[in-house]
Amino acid sequence: TNAWDAINPHAAPEPKVPKRSLSKGAVRLREIRLAVRYTHEQMAAHLSLDSVGQLHAIEYGVSLPPDSLVEKAEALLTMIEQN
């Protein structure tokens, strides 16, 4: 705790403000991952990413997804919906 918390332990914490806005592609990748019920690890493997960290970076707004990655995820969703 900090000095202020020691003085006023009942104070509400400051709300967290998102530091980055997400691209449409990042939002769509996350929507698809949740729709197909894949973990980050499963989705990263399906998309042939080098590491799960790359998917995290996209979903958390650190990097932009290439269009081809979103297209591959869309194809996965279509395939799963058809079965």
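**Notebook: two loops, a helix pair and a buried proline**

**Entry 1: Ser48.** I started at Ser48, which sits in the loop between H3 and H4. I keep in mind that this is a predicted model. I looked up the backbone here and found phi of Ser48 near 60°, a positive value in a residue other than glycine. Is Ser48 buried or exposed? Ser48 is exposed, because its relative accessible area is 53% and exposed means over 50%.

**Entry 2: the whole chain.** Next I stepped back for an overview. The protein chain has five helices and zero strands, so I read its elements from the N terminus as α-α-α-α-α. Of its 83 residues, 24% count as buried. The chain exposes about 6,300 Å², and carbon and sulfur atoms supply 55% of that area. I also looked up contacts between residues at least 6 apart in sequence: 60% of them join residues at least 24 apart.

**Entry 3: confidence.** How far can I trust what I see? The mean pLDDT of the chain is 86, and 77% of the residues reach 70 or more. Which element has the lowest mean pLDDT, and which the highest? Helix H1 (residues 3-7) has the lowest, at 62, and helix H3 (residues 40-46) has the highest, at 96. Where pLDDT is low, the predicted coordinates should not be read in detail.

**Entry 4: Arg37.** I then checked the loop between H2 and H3, where Arg37 is placed. Arg37 has a positive phi of about 60° although it is not a glycine. With 73% relative accessibility, Arg37 counts as exposed. For a glycine with a positive phi, I went to Gly61, just after H4, where the value is about 80°.

**Entry 5: H4 and its cover.** Which residues of H4 are buried? I noted Leu55, Ala57, Ile58 and Glu59. What covers them includes helix H2 (24-35), H3 and H5.

I followed the H2 side further. H2 and H4 pack at an angle of about 120°, with their axes 8 Å apart. That angle makes H2 oblique to H4. From H2, the residues Ala26, Leu29, Arg30 and Arg33 meet Leu55, Ile58 and Glu59 of H4.

**Entry 6: Glu59.** Glu59, in helix H4, caught my eye on that list. Is Glu59 buried or exposed? Its relative accessibility is 5%, so Glu59 counts as buried. Leaving out residues up to four places away in sequence, Glu59 touches Leu22, Arg30, Arg33 and His40. With His40 I found a polar contact of 3.0 Å between the two side chains. Arg30 and Arg33 appear again here, having already turned up among the H2 residues that meet H4.

**Entry 7: Pro65.** My last stop was Pro65, in the loop between helix H4 (52-59) and helix H5 (67-82). I had found the loop residues Arg37 and Ser48 exposed, but Pro65 counts as buried, at 12% relative accessibility. The cut-off for buried is under 20%.

What does Pro65 touch, not counting residues up to four places away in sequence? I listed Ser23, Gly25, Ala26, Leu29, Ile58 and Val70. I picked out Leu29 for a closer look: Leu29 and Pro65 are 36 residues apart along the chain, and their C-alpha atoms are separated by 8.5 Å. Ala26, Leu29 and Ile58 also belong to the meeting of H2 and H4, so this is where I would begin when turning the model on screen.

Definitions and conventions:
Residues are numbered from 1 along each chain as its sequence is written. Side-chain values use heavy atoms; hydrogens and water are left out. pLDDT is the predictor's confidence in each residue, from 0 to 100. Helices (H or I, at least four residues) and strands (E, at least two) are DSSP runs, numbered from the N terminus. Buried means under 20% relative accessible area, exposed over 50%, partly exposed in between (1.4 Å probe, protein chains only). Contact means heavy atoms within 4.5 Å. Accessible areas come from the Shrake-Rupley method with a 1.4 Å probe; for residues, only the protein chains shown count as cover. A polar contact is a pair of N or O atoms within 3.5 Å; within protein, one must be able to donate a hydrogen and the other to accept it, and residues adjacent in sequence count only if both atoms are side-chain atoms. Axes are lines fitted to C-alpha atoms, for helices over the stretch in contact, and angles run from 0 to 180 degrees between N-to-C directions. Angles under 35 degrees count as roughly parallel, over 145 as roughly antiparallel, 65 to 115 as roughly perpendicular and the rest as oblique.
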